[in-house]
Amino acid sequence: MEIKVYKDKNEVAEQFSAYFVEKAAEHEAFHVALSGGSTPKIVFDVLAKSFADKVDWTKVHFYWGDERCVPPTDDESNYKMTVEHLFSKIDVPEGNINRILGEKDPEGETMRYANLLEIDLDRVEDVPQFDLVILGMGDDGHTASIFPHQIELWDAADHCVVATHPDSGQKRVSINGKVINTAKEVAFLVTGASKAEKVEAIIKKTKGSEAYPASLVHPASGKLIWFLDAEAAAQLNQNPS
Ligand code: 6PG
């Protein structure tokens with residue numbers, strides 16, 4: 001596990017974008033699962049603004065680790081956020097964008113999306129393998145859309161699961177823990193002071209941290225990188241790189 005701490009969100013965005021460019025160049029077809037929420041916005045903005053010409057986007061195939069069960073026009077949609085902050089600014093073929101259909105029946109969509117991953121991606125012991133899974137982490141220690149109150153979904157047999165947001169009750173479609181831990185590489189993008197407590201608990205494996213789904217992220221490849229800003233790393237006693 002690598003822990004990279006940068007002074008602020010913007011430097012995290014710069015450094016992660018450089019890492020993304022490097023990884024993309026290593027693959028003829030680069031299959032990436034994106035994270036949602038708010039943290040990726042500045043990262044996508046920087047990737048599009050300062051690194052777009054350094055990536056052959058025809059070789060990058062986009063998927064999501066999770067999506068909110070809302071239409072693609074909804075402000076809650078991770079797809080919509082990614083269009084606004086990335087896709088609308090780069091030349092990526094439409095066919096390379098594999099969104100989760102948040103407007104569809106959640107159960108049906110988990111089966112459709114799992115089937116798509118099983119067809120599109122290489123498989124390891126029958127589990128679809130991404131080249132890179134990008135993850136965020138909630139203040140409660142959730143990742144993708146696997147929340148502490150449904151942590152059993154991490155080991156679900158189905159590669160995609162229906163989850164429920166603990167406060168809003170919003171339905172989510174999420175990849176499960178096996179798909180996450182089968183990825184060739186996993187990168188956490190976590191910024192802001194509200195994440196510091198869980199970052200410390202998970203990285204230092206403090207008592208009770210196993211209740212946080214993000215603590216279960218251990219890719220079999222051993223390739224796990226945390227991209228943190230100083231605020232999120234505040235309780236790690238690790239100075240910015
Ligand atoms: C989502 C995510 C989720 C997100 C965390 C952090 O759809 O919400 O994929 O796992 O990464 O909730 O969200 P913020 O970046 O908004 O803090």
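The following dialogue concerns a predicted model and the reasons behind some of the terms used for it.

Student: What makes the contact between the ligand and the side chain of K195 a polar contact?

Tutor: An oxygen atom of the ligand is 2.7 Å from an N or O atom in the side chain of K195. A polar contact is a pair of N or O atoms within 3.5 Å, so this pair qualifies. The side chain of H142 also has an N or O atom 2.8 Å from an oxygen atom of the ligand, and a polar backbone atom of G36 is 3.1 Å from a ligand oxygen. The protein covers 87% of the 410 Å² of accessible area that the ligand has on its own.

Student: Why is the pairing of E76 and R68 called a salt bridge?

Tutor: The side chains of E76 and R68 meet at 3.4 Å, N to O. The limit for a salt bridge is 4 Å, and therefore the pair counts as one.

Student: Why is R68 called buried, and E76 partly exposed?

Tutor: R68 has a relative accessible area of 13%. Buried means under 20%, so R68 is buried. E76 has 36%, which lies between 20% and 50%, so E76 is partly exposed.

Student: How do you know that E197 and K198 form a salt bridge, and is each buried or partly exposed?

Tutor: Their closest N and O atoms are 3.2 Å apart, within the 4 Å limit, so the term applies. K198, at 11% relative accessibility, is under 20% and therefore buried. E197, at 47%, is partly exposed because this value lies between 20% and 50%.

Conventions:
Residues numbered from 1 in each chain as written. Predicted model: local features only at pLDDT ≥ 70, side-chain atom pairs only at ≥ 80, totals over all residues. Heavy atoms only, no water. Polar contact = N/O pair within 3.5 Å; in protein donor to acceptor, adjacent residues only side chain to side chain. Areas by Shrake-Rupley, 256 points an atom, 1.4 Å probe, with all protein chains shown as cover. Buried < 20%, exposed > 50% of the residue type's maximum accessible area, 1.4 Å probe, protein only.
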